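Welcome, and please open the model in your viewer. We will go from stop to stop, with something to select at each one.

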Amino acid sequence: MPPEAAMDFGAPGATPELEARIARLNDRYRHHGATSVLEAALKDHDVGDLAMVSSFGAESVALLHLVSVIDNTVPVLFIDTQMLFTETLEYQQEVAERLNLKDVRIVRASEMDLGKQDPDGTLHQFDTDACCNLRKTVPLERALSGFDGWITGRKRFQSSTRAALEFFEADGADRIKVNPLAHWHPEDVVAYMDENRLPRHPLVARGYPSIGCAPCTSPVKPGEDPRAGRWRGQNKEECGIHIVDGKIVRGPQA
């Protein structure tokens, strides 16, 4: 499949039935905290079978810990783009072992897709959207095919594309996305990590408050937006694994 064809891999808009379920869920848990939302989501029939998707990035350990306390057998999908920092790969193993996560699944692009679309590993140099689609969006879609929904660590404060984030949202036509930490503030994340003595990603101390693939992530200067180091200089805020109004999110939303 050529890169331009792969770009159409996104999902259609939510069905009316899914929109109604999401509206019920957000109304049901509107005044709940992160822990109760996550506990409820893992057993609510309106949600279904869930996996957690984690980048094992700068703030990931907070939600990973919360999941491990509630149910450490929840499948955790880790997208290894094969372009991650060595520190991220080592941190992933450390956190998974420390939290006793029982079902961590490593998700990668197929060798066939890599061979056809990025045989020399340079796609990111001239088309970051196509690279993210190849190494993140398509592999994740395949990994999620057996689940009714997935748990994310997204929060409203992280970017303009997340400013109106709810606990529950549609992910394409028939899948739910659960955002237990949607209403957390930066200080909430830090406090939770401090209180539970959770290990920090080693790159945070070196100026990386948001961590993606090594070629497309740079340190952030004091006063800059925490995600300023992601795809610096490009009109791009998201990698493409998230869908808003039936469309893959690439750049800033109005």
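One term will help along the way: a residue is called buried when its relative accessible area is under 20%, and exposed when that area is over 50%. Keep in mind that this is a predicted model.

**Stop 1: a tilted pair of rings**

Start by selecting Tyr 29 and Phe 168, which form a tilted aromatic pair. Their ring centres are 5.9 Å apart, with 40° between the planes. Now show the backbone around them: Tyr 29 sits in the loop between α2 (16-28) and α3 (34-41), while Phe 168 belongs to strand β5 (residues 168-171). The pair links distant parts of the chain, 139 residues apart. Is Phe 168 buried or exposed? Its relative accessible area is 1%, so Phe 168 is buried. Tyr 29, at 9%, is buried too.

**Stop 2: an edge-to-face pair**

Next, select Phe 56 and Phe 78. At what angle do the planes of these two rings lie? They lie at 80°, with the ring centres 5.3 Å apart, so this pair is edge-to-face. Phe 56 is in the loop between β1 (50-54) and α4 (60-71), and Phe 78 is in strand β2 (residues 76-79). The two are 22 residues apart, and again the pair links distant parts of the chain. Phe 56 is buried, with a relative accessible area of 0%, and Phe 78 is buried as well, at 2%. In total, the model has 4 aromatic pairs, these two among them.

**Stop 3: helix α2**

Now select α2, the helix that comes before the loop of Tyr 29. With 13 residues at 1.5 Å a residue, α2 should span 18 Å, and its end C-alpha atoms are indeed 18 Å apart. Colour Leu 18, Arg 21, Ile 22, Leu 25 and Asn 26, the buried residues of α2. Look down the helix axis: these residues fall within an arc of 130°, so they line one face of α2. What do the buried residues of α2 pack against? They pack against β5 and β6 (175-178). On the other side of the helix, Pro 16 and Asp 27 are exposed.

**Stop 4: a cavity**

For the last stop, look for enclosed space. A search of the whole structure finds 1 cavity of 30 Å³ or more. The largest cavity holds about 100 Å³ of space. To find this cavity, select its lining residues, including Thr 81, Met 83, His 124, Cys 131, Cys 132, Cys 213, Cys 216 and Trp 231. Arg 135 and Lys 136 also line this cavity.

How values were computed: Residues numbered from 1 in each chain as written. Predicted model: local features only at pLDDT ≥ 70, side-chain atom pairs only at ≥ 80, totals over all residues. Heavy atoms only, no water. Phe/Tyr/Trp six-rings, centres within 6.5 Å; stacked < 30°, edge-to-face > 60°. Helix = DSSP H or I, 4+ residues; strand = E, 2+ residues; numbered from the N terminus. Buried < 20%, exposed > 50% of the residue type's maximum accessible area, 1.4 Å probe, protein only. Expected span 1.5 Å × (residues − 1). Arc of directions from axis to C-beta. Contact = heavy atoms within 4.5 Å. 1 Å grid on protein atoms, 1.4 Å probe; cavity = no way out; pocket = protein on both sides within 12 Å on 5 of 7 lines; lining within 4 Å. Points joined across faces, edges and corners; volume = space filled by probe spheres on them.
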